[in-house]
Amino acid sequence: VEALGTERSGPVLSQVLAGDPDLGVRRKAAVVLRKKIWRGGEPVQERVATQDADAGLRRECLWGLLLLDRARWTGLLHDAIKGERDDKARLDLVEILEKTPKPSDRELLIALLDDGYSHVARHAARALVNLGDRSVAETLRSKSTSAGDRKVAEEFAEAAQKLGG
């Protein structure tokens, strides 16, 4: 389907995503929907992104939705990050933000600088650098002096410097 399909394949892939008993097949459907940015599967992608037991599948569906319409699905991403209890799954979601942060992500990213999982905090700092909002440089510098983890402190200080602070 990936090589030969067209946008009309989106609804078919969403049916696979919704009901195939094989997790690997469901993941492949989600990956193809994301890579091809095909429409027609959004209701299923949203349901899977918010309710599926598999964190990787949730991430793929959410990422696919963001590629379709970043503004529409940003709130869903923010809610997913805030509600995710698994550190690695939360990191995966923050890494999506890191790639293409938007001004609407600023407050969440600042809050994530205090995340208990150091990798999430460090990637939030990287996302803020990618956002290019110089106004957060002082916040990063301040947090670099109080961070309990040396690598986090270094990352925050470097991010502040990159932003001109």
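Colleague: In this predicted model, is histidine 123 buried or exposed?

Modeller: The relative accessible area of histidine 123 comes to 12%, and a residue counts as buried when that value is under 20%. Because 12% falls under that cut-off, histidine 123 is classed as buried.

Colleague: Where does histidine 123 sit, and which residues does histidine 123 touch, not counting those up to four places away in sequence?

Modeller: Histidine 123 has its place in helix 8, which covers residues 118–131. Once residues up to four places away in sequence are set aside, the residues that histidine 123 touches are Leu91, Val94, Glu95 and Glu98.

Colleague: How are helix 5 and helix 6 oriented relative to each other, roughly parallel or roughly antiparallel?

Modeller: The axes of helix 5 and helix 6, the latter spanning residues 87–99, come within 10 Å and cross at roughly 150 degrees. Since angles over 145 degrees count as roughly antiparallel, helix 5 is therefore, with respect to helix 6, roughly antiparallel.

Colleague: Which residues make the contact between these two helices?

Modeller: On the side of helix 5 the contact is made by Arg70, Leu77, Ala80 and Ile81. From helix 6 the contributors are Arg90, Leu93, Val94 and Leu97.

Colleague: Is threonine 74, which lies in helix 5, buried or exposed?

Modeller: Threonine 74 is in contact with Leu66, Ser104 and Asp105, leaving aside its neighbours within four places in sequence. Its relative accessibility is 8%, and because values under 20% define the class, threonine 74 counts as buried.

Key
Residues are numbered from 1 along each chain as its sequence is written. This is a predicted model: local features need pLDDT of at least 70, side-chain atom pairs count only at pLDDT 80 or more; totals for chains, interfaces and linings use all residues. Side-chain values use heavy atoms; hydrogens and water are left out. Buried means under 20% relative accessible area, exposed over 50%, partly exposed in between (1.4 Å probe, protein chains only). Contact means heavy atoms within 4.5 Å. Axes are lines fitted to C-alpha atoms, for helices over the stretch in contact, and angles run from 0 to 180 degrees between N-to-C directions. Angles under 35 degrees count as roughly parallel, over 145 as roughly antiparallel, 65 to 115 as roughly perpendicular and the rest as oblique.
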